[in-house]
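Open the model in your viewer and keep the selection box ready. Each stop below says what to select and what to look for.

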Amino acid sequence: MRRLNEATLKNLPAEIPRPGYDRAACTVGIVHLGIGAFHRAHQAVYCDERLAAGEHGWAICGASLRSPAVHDELAPQDGLYTEAVSGPNGEDLRVIGAVQEVLVAPEDPAALVARLAAPETRIVSLTVTEKGYCHDPASGALQHDHPDIRHDLQQPERPKSALGFLLAGLRRRHAAGLTPFTPLSCDNLPHNGATLRSLLLELAEANDPVLARWIETEVPFPATMIDRIVPATTDADRDRIAARLGLRDEGAVICEPFRQWVIEDRFALGRPRWEESGAQLVDDVAPYEEMKLRLLNGSHSLLAYLGYLSGHKTIAATMADESLRRLAQIFMDREAGPTLAMPPDADLEGYKTDLIARFANPGLQHRTWQIAMDGSQKLPQRLLGTARDRLQADASIDVLALALAGWMRYTGGRDEQGQGIEVRDPLAPLLAETFASGEGNAAEIVAGFLKITDVFDPGLAGDPRFAAAVSAALDGVLKRGTAATVKDTLARLEG
C-alpha cells in the first residue's frame, strides 16, 4: 500500500479532512524538542489550525533527542500524519500538516542548534517527559552528574540534553545580537516554566555566566498546562487507519476528543493566536497545572499501578472494575481535590466528572503499563505533593498510601501471578533491589524506598505518619493481594 505524503494526499477519501493551506508557503517558527505522539496529537494540532487560518509563520520543526523513529515515520510522508480522535461513538480522522521538518539530534546536533538560532525561530517548545529535564524530581535541582549534563558542560556546541540544546541555541542568538526565542515547557512538571528557567540558568551559570545574566533578564519562560489522553499507537491502529485512508500512515496518533491547553501569555517574539483554537491564555497557570497533575495524572498513576496488579491491561478496563472506579472517585473527592485552590470560574466538580468519563472511554486502549513508566520521575509531582499537603493539614492519606504501595509492589518486577513485569524507569535496578532487600516485610520495604532521595524529600520521608500509612497499605497488598486490598480500603472508607 502506498504511503501518505504530499503526492498521495489527493487520493484520500473526500470525507477525510486534510491541510487546505499551501504548506510550501509556510515557514518554521516553532522548534519542538521531543516530537512524540503527545505533541503531534496536541500542540501540533493547534498549530495546524492556525496555519489553516492564514498564520503561515508558525510551521513546526520537530526534533527527536534520542531515537530516529519519528523521523523515519514522518520523513517519507513529508511530515504529514493522521490524528485519529477516538470517542464512545467512533473515530474521526484528520490529516495534520503543521510539521514541516524532523531532525534527529544525535545524528546532526549542529543542524538542530542552527535551527534554534535561526531568526525565524520564535518559540522552542518541549515535551521531553519529566526525566528529560535531567533534574532531581524531589528537590528540583539540576543533576550535574547526569551523563548528558556532564557532556554538555564539556562540549556545549554539540549538546545531548534538551537543556543543552536550548542553551546552545540561545548562546548563538546572543552572540548574533538576536532577540531570544521563548522556551515553552509543555511537560507535566509543577511550575514547568519556572522549573525550566531555574534548570537552564543553573546550567548556564556553570558554563557561561555572561549568557546566564542575559537569559535571566531577557528570556521569558511561560508556564503551560496540557491535557489530552494519547495512548501509544499500535500496529492494529495503523492497519485500521490505513483501511480507511487507503494509504499507509506510520505516524498516526490516537487521542480522545477532549483537549486543553492553558498558557501564560508571555512571549519574546509573539505567538500564534492559539486562543482562537480553544487554548486559554492566562496570567497564572499554576492552579490549572496543579488541578491536572493532582487529579488527572495522580488518578492515572493510581489506576495504572493498582489496575495492572489487579490484572487490567487498560485504563478503560480499570473503570469497568467498580472497586477501582470508586477508589479513583474517592481519591479525587477526599484527598486530591481538597488540596486545590482554584479560581472562582473553575468547575472542579465538572472536571472530576469529565475525568471519570474520559478514563472510561472505550475508544482508547491506554495501557496501564504505559502510564506506569518512569514512576520515580512522575510520582513526586503526581502524588507526593498531595500527600505532603494532606499531612500538613493532619488529614488522611489512605488512597494515596495505597497508590504508592502499588507502585512499590510493581517495581519489584513480578506480578501477583509470578509473571515478570518490564519496569521502565531510570531507577529500575535500584527500585527492584530495594523491594527485594525488604524480603517481603512491608515496613522494611517502605523504609528502603524512603531512603531514595531522588524520589522522596527528607521532610516527607521522615514523617512517621507517611511511613506508617504506606507500610500498612503495602502489607495488605503483599498478604491479601491488590484487588482484595482495594476492596478492604473501600469498605473502610465507605463504611
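**Stop 1: a helix pair**

Select helices H10 and H13: H10 passes H13 in a right-handed crossing. The model is a predicted one. H10 covers residues 286-309 and H13 covers residues 348-359. Their axes lie 11 Å apart, and the packing angle is about 30 degrees. Angles under 35 degrees count as roughly parallel, so H10 is roughly parallel to H13.

Now show the side chains in the contact. From H10, pick Met 291, Lys 292, Leu 295, Leu 296, Ser 299, His 300 and Leu 303. From H13, pick Leu 348, Tyr 351, Lys 352, Leu 355, Arg 358 and Phe 359. What mix of residues makes up the contact of H10 with H13? Eight are nonpolar, two are polar and three are charged.

**Stop 2: the sheet S4-S3-S9**

Move to the open sheet of three strands, ordered S4-S3-S9, with mixed pairing. Select S4 (90-96) and S9 (253-255) to see the edges. Each has a single partner strand, so one side of each is left without a neighbour in the sheet. On average, neighbouring strands here are turned by 25 degrees against each other, direction ignored.

Add S3, residues 81-87. S3 and S4 pair in the antiparallel sense, over seven bridges. Label Ala 84, then find Leu 93, its bridge partner in S4.

Next, bring in the helices. Helix H9 (residues 235-245) packs on the sheet and touches S3, S4 and S9. The direction of H9 makes about 75 degrees with that of S4. Helix H2 (residues 43-52) lies across S3 and S4. H2 runs at about 60 degrees to S4.

**Stop 3: the sheet S8-S10-S11**

Select S8, S10 and S11. They form an open sheet of three strands in the order S8-S10-S11, again with mixed pairing. Which strands stand at the edges? S8 (224-227) and S11 do; each has a single partner strand, so one side of each is left without a neighbour in the sheet. Neighbouring strands of this sheet are turned by 15 degrees against each other on average, direction ignored.

Zoom in on S8 and S10, which pair in the antiparallel sense over four bridges. Label Ile 226 and look opposite: Trp 261 in S10 is there.

**Stop 4: a loop serine**

Finish at Ser 277, in the loop between S10 (260-264) and S11 (280-282). Is Ser 277 buried or exposed? Its relative accessibility is 10%, so Ser 277 counts as buried. Show what Ser 277 touches, leaving out residues up to four places away in sequence: Tyr 46, Glu 49, Arg 50 and Arg 259.

Technical notes:
Residues are numbered from 1 along each chain as its sequence is written. This is a predicted model: local features need pLDDT of at least 70, side-chain atom pairs count only at pLDDT 80 or more; totals for chains, interfaces and linings use all residues. Side-chain values use heavy atoms; hydrogens and water are left out. Two strands pair if DSSP finds at least two bridges between them. Helices (H or I, at least four residues) and strands (E, at least two) are DSSP runs, numbered from the N terminus. Axes are lines fitted to C-alpha atoms, for helices over the stretch in contact, and angles run from 0 to 180 degrees between N-to-C directions. Contact means heavy atoms within 4.5 Å. Angles under 35 degrees count as roughly parallel, over 145 as roughly antiparallel, 65 to 115 as roughly perpendicular and the rest as oblique. A crossing is left-handed if the near helix is turned anticlockwise from the far one by less than a right angle, and right-handed if clockwise. Ala, Val, Leu, Ile, Met, Phe, Trp, Tyr, Cys and Pro count as nonpolar, Asp, Glu, Lys and Arg as charged, and the others, Gly among them, as polar. Buried means under 20% relative accessible area, exposed over 50%, partly exposed in between (1.4 Å probe, protein chains only).
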